[in-house]
Amino acid sequence: MSRTGSYGIWRILLLAQLREQPGRFLVTVLALALGVALGSSVYLVNTSALNEFGLATKRLVGEADIVVRGPRDGFPEQLFVDLAHTPSVSALSPVLELEVALSDRKETLKVLGLDPFRAAVLQPAIMGDIGEAMFQLFDTDAIYLSSAAAQELKLKRGEQLRVTVGSTSKALRVIGILSQNTYSQSLGLMDIASAQWIFNALGRVNRIDMRLSPGTDVNSFRRDLGTKLPPGVLALAPQVERDRAVTVTKAYRVNLNMLALVALFTGAFLVFSTQSLSVLRRRRSLALLRALGVTRSQLRNALLGEGLALGVLGSLLGVVLGMIIAAAVLKFLTADLGNGQLRAAGASLRSAPLQTVAFFAIGVAVAGIGAWVPARNAARQPPARALKGGDGDFKAAARTGWRSGLAMLVLGSALAWLPPVGGLPLFGYAAIAALLLGAVLLVPTVTIQGLRLAPRTHRIVLDTAVSQLRENVSLSALSLASIIVSFSLMVAMAIMIHSFRISFDHWLGKLLPADMLLREPPGNDTAFLSKDDQAKLGTVTGIARAEFRRTLQVLLDPTRAPITLIARGMSEADTAAELPLIRSVSAKESPTPTAFISEALQDVYGYKIGDVLQIPLGGRNRAFLIAGVWRDYARLSGSVVVSRHAYTAATGDDSANEGSLWLNTGTDSDTVARMLRQTVGNGDALEITTSTALHERSLQIFDRAFAITYALEIIAVIIGLTGVSFAASSTALARRAEFGMLRHIGMLRRQIIGMLADEGVLTSTFGVVYGLGLGAALSLVLVYVINRQSFNWSIDFAVPVLPLVLLSVVLIGAAAVTAIWSGRAALSQDAVRAVREDW
Amino acid sequence: MIDPILQLEGLSKRYSKDRPAIFEDVDLTLRSGEYLAIMGESGVGKSTLLNLLAGLDTPDTGRVVLEGVDLTTLDDDATTRLRRRTVGFVFQAFHVLPYLSVEQNVALPLDLLGVAEPERGRRTQEMLTAVGIEALSQRHTRELSGGEVQRVAIARALVHRPRLVLADEPTGNLDARSAAQTLTLLRAQIKANAGAGILITHSRAAADTADRIVVLEARGLKALEAA
């Protein structure tokens, strides 16, 4: 009997399993399918969204070899003239790229001001679609919209689009709509001269696309050019532009993928416990096969084949389900999986055959790994002993895992101290995996030690339950593995999210001390409040005090996303007092103005307190002494805060785009909001809210962002509970004869069910307590390693005691109910008669 | 005349309505000190009869009176409590709990009856000594031979001094020597406890250790002379 023999045995065992336990087979397949589906769908959604971003950027950059990019407020267009005379440059296109504030709307619209003739050379795809209408672009108020923008703004050709410049509203005329295929994201196109005129940027551009003559070494040209450009203007490879979206969202995407994989690995534990229990249940049948001439390897391969069959079916179903979920998320949620940064309207499901095969293979491999240990153990069982009815060396095998368990815990603890790799907490993930595995391997030893401490109560039901658990510790460990893994991860996530929420809440409280806030549409480059506007707003009836801020984007490193510069607080002392500082030093004596950097700037750029930070402002690099590090949960790419005084001194810009307002006692905020809107020209576009409302809305957004995290964790716990339920019903069925004997000698039916409930409560309490401890340990890695390395901000550790207690009670209750239900089912199958069963 | 420990009157049982009764008109009276063997062909319902007279199953007609109580009038809990106090069981497949020690297995009926220490320990030790396994008291049953495990089962069946001991093929899984020792021990312990015993067996040799033998047939019990 070689390969054919193994196949025959595998077929017999698999079909018998299917016949005997179809429900269990199906649930295991579904659990695996769910894991694979979650993993593959998250991957497909993110890949499709990124692909869409990539395509969009490629269309915008077009055929350029180099993109010269300056600050958002631009640089003198003389630079374009200078570059045009540079040898080796074959084509050049100046661009004014702005996020334009829209009147009567909170959103902004990305508008490109282009020289249509030059752009036709470098962005042929876009300009080609405009065709003859290109000449109409020269009208001062003409704008071409992408079809996504037209749809979002509900505008048709010939209609008017109102934009805000400063605090003035201006009208643009839509002269045409780009086809969906040309550019799928939201965009407006104008002639550059019109854009400069309309948006008060005469003589300024903020981007120049360059194509070099054939044969020019692009990289050395770019490096050389970089040294000649004014401060704050950088020469970038087009790829850098595309990679920004990838870089900014990388940590979030990887974390989401890891969460999706949790469900898959919980599925692996489910396969492990299901197969282990199934092997225990069938030990005599398997021993009979061995006695009849089936070799060890044939038996092992056949049992491994069972697990792989589960894996193949589950993974097949999973990849199909994953594609359906991904297509639905792309269609109905515009690819947004919670953080908002990956919203990609118009993104379509990108076929990824290799990745699909990879997810299929991961699913099969995970099932194979789960089935391997029980298959190997079953093959090693001496057939004579199993035929006689003994339960073999499972207990001994379970006990020997403690050394490996301890080693994994030490390894996990060590890995947690290592730095990120490429901005990703890879060692953090490895630490979590090692700690989980180590903790699971230690379950039998800890259970044995724990039960050794259990006193004899002389209550037969409880004492018998304790004895049963003590002697069948391997069974308990098997049933607990999947729930410990999923519950501890859920505990860890719950602690991490709670810690984050508490820290976020405090942070909001610190940053929102005023009664009301107003701001121009976030991220816009055109709307602002002039000094006059600020003065008028400050004198509105009912306002006791007003403070204004200026925020703008600054590019410090060409390979990274721009950081946010915030000018707030009239003096440096005010600035420091308004921020949630983590560390700071007094810099009163310093002649250099001070700056307070966010943790991201510290972690990613390596700045520290006492360093001098050069910020390109007003066409020059300005030196700021770093006097403190503050916590900023709003800006992943990093931010720096300087006083408005220092900012205005450096730039001459005294405008603002945000403000905090303190009201006189008893003033109605709605009345004040109405009066504020009437005070300035673009009042309707101003976002005005009370601090309380903004606080609440921010927390709602926070909770929504983590909803998917909770959903994935709940799925993992349900899979884990399924494992407990399988174990309970398997064990109860296997113990039918025992229940029958106990009924014979006078144990009441409810005493037996009570005994099973005690076992269920004891087992699940142990699992829950163990899971809580392990979860708390894992949460330290999540809070201090994975969160910190992924997002570059710190959070304060806080434990959500009440929710965890409630969840624990629910889980213990669910496990007890499962045990009781399984016991009832076993007793209903004529346990009395089971005492006569030999097999 | 001593009151009977067990009385069966007109007992019949069928597995389903559309099938004939497996037996009917079974009458039996068993008094203190009596040891009865029930023989019969496979499938005639010997074990079913045993379940009926222990209150583990209910007859279609007739009644089972155990220690003066008609089991057919009791609910499941009351029957179980009566069985706990009055009946001891010995099974062919031993059915000891593998996760308890020998001593704990034997003491199970005392635990169920709520017998406290030191009485519980004293009676358990006495029983272990009586069946000759006192040296094994702290061992687990998986470490014992078949004969030793059956002694544990006998000790468990007798430790609470039941009025009636029911033994269902107790030597079916034992070799001839162990079987003979087990039967002798069983008889001696039943007699020592001044209770009654019923032995269900296929083996005439085993049946011959009883005081009298009956054969279960479809039409009731038929007496056979003991050897």
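## Working through the folds and contacts of chains A and B

I38(B) stands opposite I200(B) in β8(B). Keep that pair in mind for the first exercise, and remember throughout that this is a predicted model.

### Exercise 1: the mixed sheet

Find how β3(B) and β8(B) pair, then place the two strands in their sheet.

*Solution.* Start with the pair itself. Strand β3 covers residues 35-39 of chain B and strand β8 covers residues 196-200 of chain B; the two run in the parallel sense and share 4 bridges.

Next, zoom out. The open sheet has 6 strands, and in chain B their order reads β6-β7-β8-β3-β9-β10, with mixed pairing. At the edges sit β6 (87-90) and β10 (220-224) of chain B, each of which pairs on one side only. Finally, look at the twist: on average, neighbouring strands here are turned by 25° against each other, direction ignored.

### Exercise 2: the antiparallel sheet

Work out the strand order of the open sheet of 4 strands in chain B, and say which strands stand at its edges.

*Solution.* Build the sheet pair by pair.

1. Take β1 (residues 4-13) and β2 (residues 23-31) of chain B: they pair in the antiparallel sense over 6 bridges. If you want a landmark, L6(B) has L30(B) in β2(B) as its bridge partner.
2. β1(B) also pairs with strand β4 (residues 61-66) of chain B, again in the antiparallel sense, over 5 bridges. Here the landmark is Q7(B), whose bridge partner in β4(B) is V65(B).
3. β4(B) and β5(B) then join in the antiparallel sense over 2 bridges. L66(B) has V69(B) in β5(B) as its bridge partner.

Put together, the order is β2-β1-β4-β5 in chain B, with antiparallel pairing. The edges go to β2 and β5 (69-70) of chain B; each has a single partner strand, so one side of each has no neighbour in the sheet.

One helix belongs in this picture too. α1(B) packs on the sheet and touches β1, β2 and β4 of chain B, and its direction makes about 125° with that of β1(B).

### Exercise 3: two helix pairs

Compare how α5(B) packs with α6(B) and how α3(B) packs with α4(B). For each pair, decide whether the helices are roughly parallel or oblique.

*Solution.* Begin with α5 (residues 146-158) and α6 (residues 176-192) of chain B. Their axes are 10 Å apart and the packing angle is about 10°. Angles under 35 degrees count as roughly parallel, so α5(B) is roughly parallel to α6(B). The crossing of these two helices, α5(B) and α6(B), is right-handed.

Who touches whom? From α5(B), the contact residues are G146(B), G147(B), Q150(B), R151(B), I154(B) and L158(B); from α6(B) they are S178(B), Q181(B), T182(B), L185(B), L186(B) and Q189(B). Sorted by class, this contact between α5(B) and α6(B) has 4 nonpolar, 7 polar and 1 charged residues.

Now for α3(B) and helix α4 (residues 119-130) of chain B. Their axes are 10 Å apart, and the angle is about 120°. That angle makes α3(B) oblique to α4(B). α3(B) passes α4(B) in a right-handed crossing.

On the α3(B) side you'll find E103(B), V106(B), A107(B) and L110(B), and they meet R120(B), R123(B), T124(B), M127(B) and L128(B) in α4(B). By class, the contact of α3(B) with α4(B) has 5 nonpolar, 1 polar and 3 charged residues.

### Exercise 4: where chain B touches chain A

Which element of chain B gives the most to the side that touches chain A?

*Solution.* First get the overall count: 24 residues of chain B are in contact with 21 residues of chain A. Then list the elements of chain B that give two or more residues to its side: α1 (46-53), α2 (76-86) and α3 (102-113). α2(B) gives the most, with 6 residues. As for chemistry, the side of chain B that touches chain A has 12 nonpolar, 5 polar and 7 charged residues.

### Exercise 5: domains of chain A

Lay out the domains of chain A and describe the contact between domain 2 and domain 3.

*Solution.* The domain assignment gives chain A domain 1 (1-64 + 242-392), domain 2 (71-232) and domain 3 (528-681). Taken over C-alpha atoms, the centres of domain 2 and domain 3 of chain A are separated by 29 Å. Their contact takes 11 residues from domain 2 of chain A and 14 residues from domain 3 of chain A. On the domain 2 side, those residues divide into 4 nonpolar, 5 polar and 2 charged.

Technical notes:
Residues are numbered from 1 along each chain as its sequence is written. Chains are lettered from A and ligands numbered from 1 in the order in which they are written. This is a predicted model: local features need pLDDT of at least 70, side-chain atom pairs count only at pLDDT 80 or more; totals for chains, interfaces and linings use all residues. Axes are lines fitted to C-alpha atoms, for helices over the stretch in contact, and angles run from 0 to 180 degrees between N-to-C directions. Angles under 35 degrees count as roughly parallel, over 145 as roughly antiparallel, 65 to 115 as roughly perpendicular and the rest as oblique. A crossing is left-handed if the near helix is turned anticlockwise from the far one by less than a right angle, and right-handed if clockwise. Two residues are in contact if their C-beta atoms, placed from the backbone, lie within 7 Å. Ala, Val, Leu, Ile, Met, Phe, Trp, Tyr, Cys and Pro count as nonpolar, Asp, Glu, Lys and Arg as charged, and the others, Gly among them, as polar. Two strands pair if DSSP finds at least two bridges between them. Domain bounds come from an automatic or database domain assignment.
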